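Subject: A structure for you to explore

Hello,

Here is the structure I promised to pass on to you. Please open it beside this email, and then read on for what turned up in it.

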Amino acid sequence: APPVTAAADIAPGPAVSPQGGVDWLNSRKPGRYTLQLVGARDPAAVRKFIGDNRLGQPYAIFERPLDGRPWYSLVAGDYPDRKAAVAARDRLPRGLSGFGAWPRTFGSIQKSE
């Protein structure tokens, strides 16, 4: 079989990833929090970020339009409230914390699909 290209395994809307993707994102309670770690136009760049930083599960890549073009965002973790998400952000390894991770509710992601 031919190799799968970077764009081929990113579906429109929240992407299905081996670590959860759309099913994981949609199964979260809307009031709970996650950390958005990084975003990029190229989904391969987001996957490289995951590999380079040895990101642990759970995480997901989702797609939304930005200025009429696809934008891929990476979120990780599931926290009961904003305080817990901020505490988790503060414990991120130096390489990850330098990217300006910010807490957001799963509801804000689920509404953007």
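Start at L35, which stands opposite P103 in β4. The two strands involved here, β1 and β4, run antiparallel and are joined by 4 bridges. Please keep in mind as you look around that this is a predicted model.

**The sheet**

Now zoom out from that pair of strands. In what order do the strands of the open sheet lie? There are 4 strands, and the order is β2-β3-β1-β4, with antiparallel pairing. At the edges are β2 and β4 (102–105), each of which pairs on one side only. If you follow the sheet from one strand to the next, the twist averages 40°.

At the other end of that order, β2 and β3 pair over 8 bridges, again in the antiparallel sense. These two strands make a hairpin with 2 residues between them, and there D67 takes a positive phi near 55°.

Strand β2 is worth a slow look. It is mostly covered, as 6 of its 8 residues are buried. A60 has its place in this strand, and its bridge partner in β3 is V75. Is A60 buried or exposed? With a relative accessible area of 0%, A60 counts as buried, because the limit for that word is under 20%. Try finding G21 from there as well: A60 and G21 are 39 residues apart along the chain, while their C-alpha atoms are separated by 4.5 Å.

**The nonpolar cores**

A general point helps with this part. In soluble globular proteins, nonpolar side chains tend to be buried together.

In this model the largest nonpolar core has 20 residues. Which of them touch the most other members? They are L35, L37, V46, L55 and L74, so you have already met one of them, L35, in the pairing with P103. Several elements give two or more residues to this core: β1 (33–40), α2 (43–52), β2 (59–66), β3 (69–79) and α3 (82–90). The largest share, 5 residues, comes from β1.

Another core lies apart from this one, and it has 7 residues. A60, F62, V75 and I109 are among them. You will recognise A60 and V75 here as the bridge partners from β2 and β3.

**The salt bridges**

Next come the charged side chains. Side chains of opposite charge can pair when their charged atoms come close. How many salt bridges are there? The count comes to 4, and three are described below.

- D78 and R32 meet through their side chains at 2.5 Å, N to O. This pair links distant parts of the chain: D78 is in strand β3, R32 is in the loop between α1 (21–27) and β1, and they are 46 residues apart. D78 is partly exposed, with a relative accessible area of 22%, and R32 is partly exposed too, at 26%.
- K48 forms a salt bridge with D52, and their closest N and O atoms are 2.6 Å apart. Both belong to helix α2, and because they are 4 residues apart, about one helical turn separates them. K48 is exposed, at 52% relative accessible area, whereas D52 is partly exposed, at 48%.
- R89 and D90 meet in a salt bridge of 3.9 Å, N to O. R89 is partly exposed, with a relative accessible area of 26%, whereas D90 counts as exposed, at 58%.

There is also a network to trace, in which salt bridges that share partners join R28, R32 and D78.

**How confident the model is**

Finally, a word on how far to trust what you see. The mean pLDDT of the protein is 79, and 78% of its residues reach 70 or more. Which element has the lowest mean pLDDT, and which the highest? Helix α4 (residues 94–97) has the lowest, at 67, and β4 has the highest, at 94. Over residues 1–19 the pLDDT stays under 50, and for this stretch the model has 33 contacts beyond four places in sequence. Please read that part of the picture with care.

Enjoy exploring, and write back with any questions.

Best wishes

Notes: Residues numbered from 1 in each chain as written. Predicted model: local features only at pLDDT ≥ 70, side-chain atom pairs only at ≥ 80, totals over all residues. Heavy atoms only, no water. Core = buried A, V, L, I, M, F, W, Y, C linked by side-chain atoms within 4.5 Å. Buried < 20%, exposed > 50% of the residue type's maximum accessible area, 1.4 Å probe, protein only. Axes fitted to C-alpha atoms, helices over the stretch in contact; angles between N-to-C directions. pLDDT = per-residue confidence, 0-100. Contact = heavy atoms within 4.5 Å.
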